[in-house]
Amino acid sequence: MGTVTKAEKAQKGGAIRRYLERNPQTKFIAPAMIAMYALSVIPTIFLVIISLTNYRLGWDFSRMKFVGLDNYIRLFSGADADFWHSVWISLLFMVVATAIEMALGFMLAMLLNSSEFKLKPLVIGILIIPLAMTPSIAAQMWKLMFNSEYGILNYYLQLFFNVKVTWLSADMAFWSVLIVDIWQYTPFVTLILYAGLRSMPTDPYESAAIDGASRFQTLIHITIPMMRKLIFLALLFRAIDSLRLFDTVFTLTQGGPGNATEFLSMHIYRLANAQNGLLGRAAAVAMVLLVIVTVISRFLIKQQRKED
Amino acid sequence: MNRKTKKIVKSILKGILLFVICFLIIFPFLWMIMVSLRDRVDIFNPGDWFVTPTLKNYIQIIEVNGIFDYFINSIIVSVATTLISLLIGGFAAYGFARYNWKKREDRAFFALSQKFLPGMAVVIPYFMMAAFFNLLDTRILLIICYTTFNIPFTIWMMRGFIEDLPRELEEAAFVDGCTRMQVLYKIILPLVTPGLVATAIFCVINSWNEFVFANFLTTISAKTVPTSVMMYLSVSGVQWGEMAATGVLAVLPVLIFAICVQKHMIRGLTFGAVKG
C-alpha cells in the first residue's frame, strides 16, 4: 500500500521531481535567482512601460496616457539638448576617470611592490580609508575644502602660489568631481593590482633578466599580459561605477552650476525630482543609461572572461 | 656616485613619494575630524591648525538634530538586509560552488550584472511600486532594495570561500550517511564561518554607505545616515561642523569594520573574483 502511494506521488510531481533530480543545484540557487529576477527584471519592464507614457509625479494612474515612442523621439531628435550634453559628459567622465585611476593605481601598485618596508600594512590601511568613507559624506567634506572663500585648498594655493581657484564654478566643477573620484577610487585599483603583482611567479622575470630585457620591456611583455584578467576586472568596476556616479555629484555640485556636471544620473534626477516630476521622460533617459551600462559591462565582462 | 649611495637616494625618494601620497589620501579624513572638533568661527580660518577643540558639534547633532534616529535606521536596515542576503545568497553560493551544470557561469555572471544595475535607473520603478504597495519611507523597502546588490555579492564571495574547502570533507560525511543538509550545517558552516563574517561585514558596509535608494525612497521616518548630510544645508549656509561630526560618527564604525576584514579586503572589493 505504502509503495503504491509513493509511486503515485512520484507520478504526480514527476516532471518537477525529475527536473530537480537532473538539476540538483536548482533547489540551492532558486531562491536567489527568483529574488534577483524579481528585483531587476520586473522593475526594468516597469521602467519600459513608464517610459512610453506621459506619467508625472503624483498623478493618479488613470491620468496616465500612452504616448508611444514620443519620449525617445524627443531625446534622439535633439529637442532635448541637455540630454546629449549629459550623455557626452558622462562618457567623457567615464573615460577620463577610468584612465587616470588605472594609470595612477597601477603606478602606485608598482611602487608598493618595488620594495619591502615595515610600515606597509599602515600604507594599505590608509588606502582603505577613502574606500570605506561614505561617498556622500566624503563629497561634503570636499565641498568644504573646495570652498573658494574659506576652503583649505584655496587657503594654501593663495599662500604659496597666490592663485585662487573657484573650484565649483562652471569651468572647474567637472574637474573637481573628477578629483574627488580619483581620490576615492585610485586606491581601489591599487589594492587589486598590488594583490596581482604580489602573486606573480618569479621565473619569467628571472629568464627575462637573463635575456637582458629592459624594465619597460618586462612591464609590457610580462607584467601586463599576466595581469590581463585583473586589469580588465579593475577596468570593469571603475568604468561602470564612474558611469553611474551619483552620490558625489549630487552632494558636491547638484549637477551645476547650470548643467556643467549634469551626468546622466543627475539628468534623470532633475527630470524626476519634485519640482519637475516628469517621470515618463526621466524613465526614457533611465532606459538609455541602463542600455549604455549593460552594453559596456557585457563587453568588459566578455573580455575579462576570455581565456588567453 | 657609486651604486650603493644611488640605491639609498632612490629608496629615500620612494619613501618621500609614498609619504606624500599617503598624506593626500588621508587628508580629507583628518580634516573631517579636525573640522568636527572646531568652533563655527574656526572653520572659516583653515590656516589656524591649533585651535581649542570643542565637542559642541557632537552635542548639537545628538541633542538637537537627533542623529541617533538616523543611526538606528541605518543599523536596522544594514543588519536585516545582510542576514537575508547571507541566507539566500549563501545557499546559492553552495549550489554554484559544488554543482556543475551547463549554464552555471551564465547564471553567475547574471548575478554579477546585478551589481552594475545603475541605482538612478531603477529607482523610478521602485518608487512607483513602493507607492503602490504603500511602502514608501519604510525600513522594509530599503531592506528589500539593498538585497539587490547584497545577494549577488554574497553569492560571489561565498562561492569563492566554499570552493576553497576540499571536497573530500563532504564526501567523507556522505559516506558516513549524512544528508546534504546535515553536511551543510555540520561541516561546511563551521568551516566557512570566517568567510561568512567577512562577507557580512562587506554587506553591512555597502548598505551603510548606500545613498541613491535611501535618498529617494525615504523622507522622514526611515532616513539613513548618508542622507543626513542634506539636513545641514540651510538658508543661512552649511553647518559644516555638525556635518563633519556626523561624518566622523558615520565613518568610524565602517573603518573599524574595514580594518577587521583587511585580510579579505581585496576579495571583498572585487566581488570575490580576486583571492588576495
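1. A residue is counted as buried if 20 or more other C-beta atoms lie within 10 Å of its own. In this predicted model, buried residues account for 47% of the 276 residues in chain B.

2. The secondary structure of chain B consists of 13 helices and two strands. The radius of gyration of chain B is 24 Å, well over the 19 Å that the globule rule gives for 276 residues, so chain B is more spread out than a compact globule. Its C-alpha trace spans about 75 × 70 × 30 Å along the principal axes. Of the contacts in chain B between residues at least 6 apart in sequence, 80% join residues at least 24 apart.

3. The domain assignment divides chain B into domain 1 (3-57) and domain 2 (64-269). The C-alpha centres of domain 1 and domain 2 of chain B are 33 Å apart. To the contact between them, domain 1 of chain B supplies eight residues and domain 2 of chain B supplies seven.

4. On the side of domain 1 of chain B that touches domain 2 of chain B, the elements giving two or more residues are α1 (3-36) and α2 (40-43) of chain B. Helix α1(B) provides the largest share of that side, with four residues. By character, the residues of this side of domain 1 of chain B are four nonpolar, two polar and two charged.

5. The largest nonpolar core contains 161 residues, and those touching the most other members are A:I192, A:I268, A:V285, A:A286, A:L289, B:I124 and B:L142. Helix α7 (residues 139-163) of chain B gives the most to this core, namely 15 residues. The core also draws at least three residues from each of domain 1 (3-57) and domain 2 (64-269) of chain B.

6. One of the residues named above, B:I124, deserves a separate remark. Leaving aside residues up to four places away in sequence, B:I124 touches A:L47, A:I50, A:A272, A:L279, A:A282, A:A283 and A:A286.

7. A further residue to inspect is B:I162, which is placed in helix α7 of chain B. B:I162 has 20 other C-beta atoms within 10 Å and is therefore buried, the cut-off being 20 or more. Residues up to four places away in sequence aside, B:I162 touches B:A93, B:Y94, B:A97, B:R98, B:I188 and B:V192. The C-alpha atoms of B:I162 and B:F96 are separated by 9.3 Å, although these residues are 66 residues apart along the chain.

How values were computed:
Residues are numbered from 1 along each chain as its sequence is written. Chains are lettered from A and ligands numbered from 1 in the order in which they are written. This is a predicted model: local features need pLDDT of at least 70, side-chain atom pairs count only at pLDDT 80 or more; totals for chains, interfaces and linings use all residues. A nonpolar core is a set of buried Ala, Val, Leu, Ile, Met, Phe, Trp, Tyr and Cys residues joined through C-beta atoms within 7 Å. A residue is buried if 20 or more other C-beta atoms lie within 10 Å of its own, exposed if 12 or fewer, and partly exposed in between; C-beta atoms are placed from the backbone. Domain bounds come from an automatic or database domain assignment. Two residues are in contact if their C-beta atoms, placed from the backbone, lie within 7 Å. Ala, Val, Leu, Ile, Met, Phe, Trp, Tyr, Cys and Pro count as nonpolar, Asp, Glu, Lys and Arg as charged, and the others, Gly among them, as polar. The radius of gyration is taken over C-alpha atoms; the globule rule is 2.2 Å times the number of residues to the power 0.38.
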